[in-house]
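I opened this model to look up how its strands and helices pack. The entries below follow the order in which I looked.

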Amino acid sequence: MPIKILKLFAVYCCVLFNASTLPAQADTNIVSLKSIDSTIVQDVRYATTNNFTGKVLYPSAKVYIRKVVGDELARANEFLKSNYNLRIKIFDGFRPLFVQKIMWKILPDERYVANPAKGSRHNRGAAVDITLIDDKGTELEMGTPYDDFTELASFAAANISDAAKSNRKLLRDTMIKFGFIPLETEWWHFDFNGWNKFSILDTTED
Ligand SMILES: [Zn+2]
């Protein structure tokens, strides 16, 4: 069943925030990433059984994202193309809250999965999971696969190849340059600067 973007609604965590402390909404616009940059390759594992849960979690294999986040990701992609002949491959962008709850049930470890009681930055449409690919579409060596929940996935892991270290650094430096914040425990995850200005969103299905 397709995600009904028009039926997105905000889920505010009443325990943590109330109307007076909730930050102002920066951008209410969630869009398909393809409409911004069709050269970013999409490989949405959560729309297949090829993910750590072994379950199909997304009704659609399209990546959705806040417009402003997608715009900056497209600029990062352009920079990588012109300077390194590389491109971005994206595994995940906006993630509905109901999916976060399923993930948390399977892996309740805050190093790797955000507690749905607080919400993930993916639930705000303000985080991306990405890697780099060459001009043939082959993923660059990063030391671990995506969603490898071991210490080797940490950006600063020592026991990975020099090539992996250098590829991780290029990805990280590029993303920082375009306004993203890296996550130390997952080389593939980046939050958009100002993620807390975006509300947590869920989808309804009918
Ligand atoms: Zn992530």
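I began with strand S8 (186-192): six of its seven residues are buried, so S8 is largely enclosed by the rest of the structure. I took a residue as buried if 20 or more other C-beta atoms lie within 10 Å of its own, as exposed if 12 or fewer do, and as partly exposed in between, with C-beta atoms placed from the backbone. Helices (H or I, at least four residues) and strands (E, at least two) are DSSP runs, numbered from the N terminus.

The model is predicted, so I kept to its thresholds: local features need pLDDT of at least 70, side-chain atom pairs count only at pLDDT 80 or more, and totals for chains, interfaces and linings use all residues. Residue numbers start from 1 along each chain as its sequence is written.

Next, the sheet. What is the strand order? I read an open sheet of five strands, S3-S5-S6-S8-S7, with mixed pairing; two strands pair if DSSP finds at least two bridges between them. Strand S3 (41-42) and strand S7 (180-183) are at the edges with a single partner strand each, so one side of each has no neighbour in the sheet.

I then went through the pairs.
- S3 and S5 are parallel, over two bridges, and Val 41 is opposite Lys 89 in S5.
- S5 and S6 are antiparallel, over five bridges, and Asp 92 is opposite Asp 129 in S6.
- S6 and S8 are antiparallel and joined by three bridges; here Asp 129 is opposite His 189 in S8.
- S7 and S8 are antiparallel and joined by four bridges, and they form a hairpin with two residues between them.
- In that hairpin pair, Phe 180 is opposite Phe 192 in S8, and the bridge partner of Ile 181 is Asp 191.

Which helices pack on the sheet? I found H1 touching S5, S6 and S8, its direction making about 145° with that of S5. H3 touches S6, S7 and S8, and its direction makes about 145° with that of S7. A contact here is a pair of residues with C-beta atoms, placed from the backbone, within 7 Å. Axes are lines fitted to C-alpha atoms, for helices over the stretch in contact, and angles run from 0 to 180 degrees between N-to-C directions.

I checked S5 for burial as well: five of its six residues are buried.

Then the cores. A nonpolar core is a set of buried Ala, Val, Leu, Ile, Met, Phe, Trp, Tyr and Cys residues joined through C-beta atoms within 7 Å. The largest has 32 residues, of which Tyr 64, Ile 65, Ile 88, Ile 90 and Ile 130 touch the most other members. Elements giving two or more residues to this core include strand S4 (64-66), helix H1 (67-84), strand S5 (87-92), strand S6 (127-133) and helix H3 (162-177). Apart from this core I found another, of five residues, among them Tyr 46, Tyr 58, Val 99 and Met 103.

I looked at helix H2 (residues 97-106) last among the elements; its buried residues are Val 99, Gln 100 and Met 103. They fall within an arc of 105° seen down the axis of H2, so they line one face of the helix; the arc is that of the directions from the helix axis to the C-beta atoms.

For the whole chain I noted three helices and nine strands, in the pattern β-β-β-β-α-β-α-β-α-β-β-β along the sequence. Of the 206 residues, 33% count as buried.

Note on methods:
Contact = placed C-beta atoms within 7 Å.
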